[in-house]
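Student: I have a two-chain model open and would like to go through it with you. Could we look at it together?
Tutor: Gladly, here it is.

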Amino acid sequence: MIVDVNAYLGHFAFRRLRYNTAVSLLALMDSKRIDKAVVSSASAITYRNAQAGNEEVAEEVRGHSDRLIPFAVINPFYAGWQDDLKICHEEFGMAGLRLYPKWHNYQLSSTCCRELVNAATERGMVISIPIRVEDNRQRSWLLNVPDVPLEEIIELVKAHPKARFILLNGIGYTGCLLGRKDNVLPSNYAIELSRLSAVLANELGQLITNLGAERVMFGTGMPFNYPDPALVKLEVLDASEPDKEKIRSQNAMTWLRL
Amino acid sequence: MKDCIFFSSVSCPGLPVAPQRRLSRRMFLKDSAATVVAIGAAALPPACAAIEKPVAGASSSPLRKGRVIDCHAHLSHRSRTTWEADDRKLIEAADKLGIDQLCCSILTPQRPATADGFRECNRWTSDGMRRFPGRVLGYCYVNPGYGREALDEVRRCIGDRGFIGIKLYNEYTCTEPVVFPIVELAIELGVPILQHASHSHYFVEDQPRMSDGGHIAELARRYPEAMLICAHISGGGDWEWTIKALHHAQNILLDTSGSVTDEGTVEMAAAVVGVDRVVFGCDSSMTAGVGKIRGANLSAQDKEKILSGNMMRLLRRRKS
């Protein structure tokens, strides 16, 4: 069983994505033997009204709920986010959130964001945060969106010990508190592996040593990314098979109550 | 069962798990067929199943058919106290990932490189070729601004030390006249130039003389006999721009290396410039490099060309 906690549906404003419909993404997953994927709207990253993207995803995954697990993109500075959160959770069955503080131009430490995190946590929703959407060096001439600094993530996880966070598309965790052993932070976050090195510096191996395999999850970033680099990381990872199984699926299934 | 344990991307319940998996050339190719079948594209020929993996470093020939060649790699600069272990890790990673040969250079930590600096790097590269025989192939790194000293160094490395090509970094944009004698010498010797490149839609302040695909295409028009490799199309710049800029420059190959794993990159490169002009590379992003080729929706024959065939064709044009 493989569960991908980092997948997307829909269009991205600055590059054509393939495999971005439910049917085509499922075909890609079949070819890579990925059983389930957490999906959110790629379009909602740049839509002003992110809820339109959530509605598109809800429509797209209908009939595929056994394999595609929808997450909502919510901008806590946009009018009506409380209504959107309720609809996404109660009507669309979305089990979690994806937050884009830099793309949506707000601070993780802001009051609105904290209200959103608290509201999602009360609903038992998981909150995932892509540290980046794409490599900033290839950005459009229209905008310059920085990665989410890991220092801001540290403050967030400290401020919300009861919340559960999955950190996507990041690296450099071992260079800060998030990836250090005995770091005194709450154990309320897991780290997805798509950008982590599995050879040479082997940050993936270091994180397993420092935090435990329970805190690492498999993810690909498809269809932005090829799924294969993440699969290759698991294949070459020097870890026990039980640990690999946790990373491959068990951790995500536990967190998502699958 | 063999395929499942050693070549598949997932484990198989009930079967024993190898303690140390070594990916293979077949691994690069296998999933491409699966993807094509799954999405209903044209069926692949069964050639992938017949490709056998050579034992790394076992052949006396440095250019044996069927090898996987990383066209863009680096050994560690010896100012790092861990350089020896780092070099070993590179080879171990190549072993794990089924990469047979790595075309390596060493760059000075500070640039522009001095003549002493690039000569020292090349001595260490040469030493790396001796320490890892058959695994490490050398690029001679020079700063073209040193004129005669740079040319002498290229002749020494290619002629006496068995290096396979030249590495140019960002000391000069490749269209500046100071670079031309290096290109002319590469043509004389019949060796490729790997040109550091990227294209961003903003000025890269720390690399003011960065070359991009447009510059390399301009250089290729000036020197149609030159064999140029545009480095790391997945190295962070706008890879779609770079691929399009290189469309009409027939004597430029595109190196797939870099940390970016955007889906579709390799397929677009193959479609726009032709699969004969795409070469596999990692530039230290090892699983990204391997995964991109494995994930690309191309035929097994096309992947063969990218993994080694195209690079071998280039290296066989050496004149001495």
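Student: What share of the contacts in chain B between residues at least 6 apart in sequence join residues at least 24 apart?
Tutor: The share is 73%, where a contact means two C-beta atoms, placed from the backbone, within 7 Å. This is a predicted model, in which local features need pLDDT of at least 70, side-chain atom pairs count only at pLDDT 80 or more, and totals for chains, interfaces and linings use all residues. Residues are numbered from 1 along each chain as its sequence is written, with chains lettered from A and ligands numbered from 1 in the order in which they are written.

Student: What makes a residue of helix α6 of chain A count as buried?
Tutor: A buried residue has 20 or more other C-beta atoms within 10 Å of its own, with C-beta atoms placed from the backbone. In α6 (residues 203–211), A:E203, A:L204, A:L207, A:I208 and A:L211 count as buried.

Student: Why are those residues said to line one face of α6(A)?
Tutor: Down the helix axis they fall within an arc of 145 degrees, so they line one face; the arc is that of the directions from the axis to the C-beta atoms. They pack against β7, β8, α7 and α8 of chain A.

Student: Which element gives the largest share of the side of chain B that touches chain A?
Tutor: Here 36 residues of chain B are in contact with 31 of chain A. The largest share on the chain B side, eight residues, comes from α10(B). Helices are DSSP runs of H or I with at least four residues, strands runs of E with at least two, numbered from the N terminus.

How values were computed. A residue is buried if 20 or more other C-beta atoms lie within 10 Å of its own, exposed if 12 or fewer, and partly exposed in between; C-beta atoms are placed from the backbone.
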